[in-house]
Amino acid sequence: MLIRSPRHARLLRVSPLLAVMLLLGGCWSRVEVNDRLFVSVMLVDAAEKEDEITLTLGFPLPNRLTRIQQGNVGGDGNPYATVTRTGPTIAAAYRKMQTEVSRQINWGHTRVLIVGERFARRGIEPLLEFVMRQPSFQSKAYVFLSEGDARNIIMMTPIYEQFPTEVIRELAARRSLINTTVRDLLIGGPDVKDGLIGKIDVSAGRLVSEKGKPGNVLKNTGSGILSDYKLVGSLNPIQQRGAMWINGQMRDALVTIESPTDGKLVDFMVVKAESGIKVKARNGRIVFQIHVEAVDDVTSSNSDIDILDPKKVDQLQARLRKDIERRILAVLDYSQTIGVDMFQLGRYVEWYYPSIWNRWKDRWREHYRNDVDFEIRAHIVIERPGGVGNSFWIRDREEERK
């Protein structure tokens, strides 16, 4: 029989408490929240010297945000600021910044990356290399291309949001722009370094909300095409819509077609859209089957077509289907013409036909151009005719005919 002393018994009871207390001791490298400076946007440009990079970081200013929340907006200062530094690498420019600001720079809240056109033509690989080595950086941050220098975008006037970056992030989340993330660019791996990123710019004008003062407004100018992580071309806003159908990013978008009865315009709002991609090996070629399903509502009609007639609705659905299939096929044909797998379709070959991929991957762009076919299948449903059935002027015209 084992006999424990009272002292030994008390020690056994206290030991679990001591272990818990050790876990509550915290981390030696902890940085207090009020000692951090959270990056909201990262902008990268090519510097004047060929071997240098200009880095601009945007930060919210906590001291001014506090005054705004309390209703005490003193002065004309903005609740955000930017810092710009140049260095041989992104890391060198970042460290130069860190030595000059009073708080620890933190990447955990960075949601938007913007690259300038000249930097993108050199290649965005240094940017991807840097951000993926930062433990707190989120791979779901959006990546955009700026016409001209990226740091010009930060001069946008945020009318509906507190920060310029919030405007861009919200537009991407609402799928008004191509919403490519860091993860999307990296998912193709070392063999597929092609992709699309939304292209934006700012235009100057006088803003009514700011009492006529001059300001800059964000505009969507299409998409930038990346090949081997380098900017090689672009899609205009119309071509971009076909790309968004393929990526399954169409939502709250307007589609206009000509009526089959009189050729006049009928507008539809895409309220729901989904897409899927399948790959088939057929007669020594690869066939990509793009499936699109969408639900549309009638927004307006200048046509005399009877929207309540099921047969007429079928005709409209057929027109919509052909229009969407044409848009999709046009952008895919263009991608083959320039030999860029901007939708990273090579991933599907790698997943489903690894033996073919192992033979083709070293010359994938050449095979993509010459040995790939596309089949587009769209299924469109007009679910609602809008707030009314046929327009009142159509009913009046029918009564006149009687």
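**Internal space in the predicted model**

One cavity of 30 Å³ or more was found when the whole structure was searched. The structure is a predicted model. The volume of the largest cavity is about 40 Å³. Empty space of this kind is found by rolling a probe the size of a water molecule over the atoms.

The lining of the largest cavity is formed by Ser40, Val41, Gly58, Phe59, Tyr80, Ala81, Thr82, Ile154, Phe163, Pro164 and Thr165. At least two lining residues come from each of strand 3 (53–60), strand 4 (80–87) and helix 6 (164–173). Strand 4 makes the greatest contribution, with three residues. In terms of residue class, seven residues of this lining are nonpolar and four are polar, while no charged residues are present.

The second largest pocket was examined in a similar way. This pocket holds about 510 Å³ of space. Its lining consists of 23 residues, of which Asp184, Asn247, Gln249, Phe343 and Arg347 are the closest to the centre of the pocket. Both helices and strands take part in the lining of this pocket: helix 7 (182–186), helix 8 (237–247) and helix 10 (346–352), together with strand 8 (195–207) and strand 12 (265–282), each provide at least two residues. By class, the lining of the second largest pocket comprises 10 nonpolar, nine polar and four charged residues. Charged residues are thus part of the lining of the second largest pocket, whereas the lining of the largest cavity has none.

Technical notes. Residues are numbered from 1 along each chain as its sequence is written. This is a predicted model: local features need pLDDT of at least 70, side-chain atom pairs count only at pLDDT 80 or more; totals for chains, interfaces and linings use all residues. Side-chain values use heavy atoms; hydrogens and water are left out. On a 1 Å grid over the protein atoms alone, a cavity is a set of points where a 1.4 Å probe fits but cannot get out, and a pocket is an open set with protein on both sides within 12 Å along at least five of seven lines; lining residues have an atom within 4 Å of a point. Grid points are joined across faces, edges and corners, and a volume is the space filled by probe spheres set on the points. Helices (H or I, at least four residues) and strands (E, at least two) are DSSP runs, numbered from the N terminus. Ala, Val, Leu, Ile, Met, Phe, Trp, Tyr, Cys and Pro count as nonpolar, Asp, Glu, Lys and Arg as charged, and the others, Gly among them, as polar.
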